[in-house]
Every structure is written in structure tokens, then in C-alpha cells.
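The following exercises concern the overall make-up of a protein, one of its helices and its pocket. Each task is followed by a worked solution.

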Amino acid sequence: MEEQHFEKEQQNSTEEFKELRGSKNVDIGLVRPGRYKSDCWRWFVSIALYASALVLGMAISVLGPTLEDLASNVNKSISNLSYIFVGRSAGYAGGSLLGGILFDIVSPHMLLGLSLLITSSGMFGTPFCKNAWLLTALISSVGVSMGVIDTGGNVLILDTWGEQAGPHLQAFHFSFAAGAFVSPIIAKLLFGHKPGKNASADATTMSENSSSTILPFSHPTRSFPTSMWAYVVIGVFVLLVSLSFFILYFRSPPISSRKKTANGKQVFSKRHNTLIFLLSMFFFFYVGSEVAYSSFIFTYAKDYAGMDQARAAGLNSLFWGTFAVGRGLAIFIAACLRPGTLILLCLVGTTVSSLLLLLFSRNDPVLWTCTALLGISMSTIFPSGISWVEQYTTVTGRSAAVFVVGAALGEMVLPALVGFLLGHVQNQPLLMYLAFGTSVFTSVLFPVMYKIISRERATGKSNQGDSEYSQSPQDNTEEPNNEKKAEYKDSYDSSLKKSAA
């Protein structure tokens, strides 16, 4: 009789335990990814994100091959129009901060859809802009929306796939590299200048039919460069992708797959802010070195290594080609290797290749081989870094904004530093000094970050009752339930003793 009474009380206690945990169908502990989303829906979100990264790469890289025609449109030389890159980078950094704040407040699908719509409008307006400052403002606004897309896309991938986000982050960044590779082909091969006997006739016809009033988006005497149609084509692509995010917004509300406690609170490391700040520094030097190398390797090969223009351009293409291939391979490698292991392999590759490039700075075989190795090694560091830090803390929109801004600042500062020094220091492999210095710095900084989080985990395991992660006091509901279990056990033991007596 006592045993039946105890079993009934134990059943009631189990129900009370579930009520205290605030969970109906949720297991005790962390909510694992994919529990509340169908795989079909998650893949639809992922494909939309891949498409957004593709058009983002196209929109960013189209500016370089069409810069001459843009300068001609606004009656400026290329050197006098170079400040549009600064405007775009400043807008990109500002958009990353803005996106990090808004992403935690509004629907990410709606935010990305609006950002892509703004990017599309900027793409449509750029080729028809005839005023330099208006063009700079337009490209800066496009930079703001691009920063929002970059920050929001990374966080939404993590929200969608949770612990399985590694390969999908690699695919997201591979799509960006693929877009950056395709865009110059669209601009120059499909819509490049086609000089011929009709060119002057077209220009004369346009001049005769033009209005006498000069407006900011019109010009009476110049023909429309055919390469400008690349902006229109890319704008159409961006518009179509933006529609997919609006469909996502109206079809289903976003549901996060991120790690949470049972009462719905996100899990943060106790050293969350330190990790995010150090990762921002890490990306500052990594992205700055990547952009500086890709921007100046052509000039370095031509002026310092003595290559002709065709071979120097081929060396530049080799870097971007191996960079894209590396990101494509990382989609499959990330499913087999942990992000930390992948980062270590990449850091070894960048350090070895940059050291050889520094020691044999004029050797052609070393230039070609190590440039290819450097492109592959650099390709997966950024997405792997996001996957790595997500293992130990939750990357919110604000967190993503911090390290994306760090990357944007590195993209602005380090290439500008190399360009400044090239004008003052002659006959020195400045680019290789930068590549080796940043490789050494990041190779030292990553073990420091790993040591910080490893020490925290060791402390959390050695101190019983202390959690490795920071949670609210009300989350800890197991102690009262343990006390209840002890009370039931004591009453059961006393009941047995009475029955035995």
C-alpha cells in the first residue's frame, strides 16, 4: 500500500517538475536545432540566403571593371573618383552596425528584403547618375544596405541551422565569391565596349535628340556606355531575390534554432564580449590582408616582380579563382572537420605561403604557387570563425555587427596603408610584409581566443553547480526538484522501516 502511495506521489512530482521547467514537449536542457522547423522550409530559407550572397558579390565587384565608364559618365578622371570606394566602405560599416541593431528587433526576412530592394534601386540608378557627389551618395546608400545583408545573412544562417550551420555558412560565403567572379564577366564580356563604325553614329544621334537642359540623371552629349547595362541586369537579379524574402516574411514567422535554456533564454558565454571583441580584431587583420593582397598583387607583380600586364592579371585571377574554389571545397570539408581545426589549417597555410612570398619575392614559380596557396588558405577563415565562436556563445545581430564592422575597417585601413607606403617606399616587397605580418598576428590571436574559452570551460567543469554559460537565476530550477526527490526518498525509506517493524 505504501509503495502504491509512493508511486502516485512520484508521478505527481514528475508532473510538477515539468511545470516548473515551463516545458510541455521540450526536453530538459538545451533546445537543439531543427526541432520546430521542417527541413524543406530551412532549405528554402538557405537558398534565398545563398542567392542574396551571390547578388551581393556581384554588386560589390561590378564597380571595379566599370569604374572607367562611371568616371566618364560624371566627367571625372578615375583618380578623382576613387573616393566612391571610401563612401561605399563607410556605408558598409554603418550598415553593419545598423543591421546588427535592427536584426534583434524586426523580422530578419523583412529586413533583408528591404535591404535588397534598396540595393536594387541603387543598381538601377547608378548608370544614369551624371553627378559625382550624387553618385557617391548613391553608392554609399548601397553600401549601407550591403552591410545589413552581410550581418543579417550570417546571423540568419546560424538561426536557421544552429549547430549544423558550418557547411551552410561556407556555402553562403562561396556564393559571395561566385558572384564576385561572375560580375566582371557580365560587365566586360557581355556588355563591354564594342567599338565600330556605329559608335560615332549612335553618339551623334543621342547628341541631336538630347534635351538642352542638363539634369543630374541625364547628359546631352555622351553616349550610354554599354557596360552600364551590367548594373541594370544585376539590379533585376537583386530585385528577384528581394521578392523571395518578402515571400518568406508573409508565409511564416521566423523561428530560431539557436541554443536556449528551457525557459527560452539564449545561451551566452561569460566571456562573450571579450570573445566578440577579439574576433573583431582577428577579422580586421584577416580581411584587410585579403583585400590588400587582391587589390595590389597586380601592381606588385608588374612593378616589383617585372611581369607584363597579361601575366600580372593572370596572377590576380589565380588568387580569386583559388579563393572561390577553396570556399566551394569548404562546404564539404566543414561537414567533416570542426571549425577550430579548419581555422588552424588555414592559418598554417597563410603563414607558410606569405613567408615564402617574402623570402622569394621575385621568384615567378613561388609567386604563382604561393599565391594559389594563399587564396585557398584565406578562403574559409571568415565563415569558419563565425562557426567557431557560435560553438561557445550565441552570436546575436549586435555581436555579428561588431566583427563585421571590424572586417570593414580592416578593408578600409590596410589597403589604404599599403597604397600610401607604395608612394613613399621604393623597391621593397611591402605587400608581402603586410601579408606575413597579418598572418603571424592572426596565428597568435586565435590560440589566445581558444585559451580563454578553454579556461572558462575547465573552470565550469571543476566548479559543480556553476554553469559554463551565463543564465538568469530563475533558470536554475533543478535544486528545488532535487530537494523534493530527497524528501520523497526519505518518506519512502521511513515507510519501509515502519512496515518492517
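**Exercise 1.** How much area does the protein expose, and what percentage of it do carbon and sulfur atoms supply?

*Solution.* The model is a predicted one. Its exposed area comes to about 24,200 Å². Carbon and sulfur atoms account for 63% of that area. Turning to the interior, 48% of the 501 residues are buried.

**Exercise 2.** Describe the secondary structure and the sequence range of the contacts.

*Solution.* The protein has 17 helices and two strands. Next, consider contacts between residues at least 6 apart in sequence: 85% of these join residues at least 24 apart.

**Exercise 3.** Compare the span of helix α9 with its expected value, and identify buried residues in it.

*Solution.* Helix α9 covers residues 229-251, which is 23 residues. At 1.5 Å a residue, 33 Å is expected. From first to last C-alpha the helix reaches 34 Å, close to that expectation. Its buried residues include Tyr231, Ile234, Val238, Phe245 and Phe246, as well as the polar Ser242 and Ser244.

**Exercise 4.** Characterise the largest pocket by volume, lining and contributing helices.

*Solution.* The space in the largest pocket is about 2,100 Å³. Its lining comprises 48 residues, with Arg88, Val291, Ser294, Ser295 and Trp320 nearest the centre. By class, 32 of the lining residues are nonpolar, eleven polar and five charged. Helices α2, α4, α7, α10, α11 and α15 each contribute at least two lining residues. The largest share, nine residues, belongs to α10.

Technical notes
Residues are numbered from 1 along each chain as its sequence is written. This is a predicted model: local features need pLDDT of at least 70, side-chain atom pairs count only at pLDDT 80 or more; totals for chains, interfaces and linings use all residues. Side-chain values use heavy atoms; hydrogens and water are left out. Helices (H or I, at least four residues) and strands (E, at least two) are DSSP runs, numbered from the N terminus. The expected span of a helix is 1.5 Å times one less than its number of residues. Buried means under 20% relative accessible area, exposed over 50%, partly exposed in between (1.4 Å probe, protein chains only). Contact means heavy atoms within 4.5 Å. Accessible areas come from the Shrake-Rupley method with a 1.4 Å probe; for residues, only the protein chains shown count as cover. On a 1 Å grid over the protein atoms alone, a cavity is a set of points where a 1.4 Å probe fits but cannot get out, and a pocket is an open set with protein on both sides within 12 Å along at least five of seven lines; lining residues have an atom within 4 Å of a point. Grid points are joined across faces, edges and corners, and a volume is the space filled by probe spheres set on the points.
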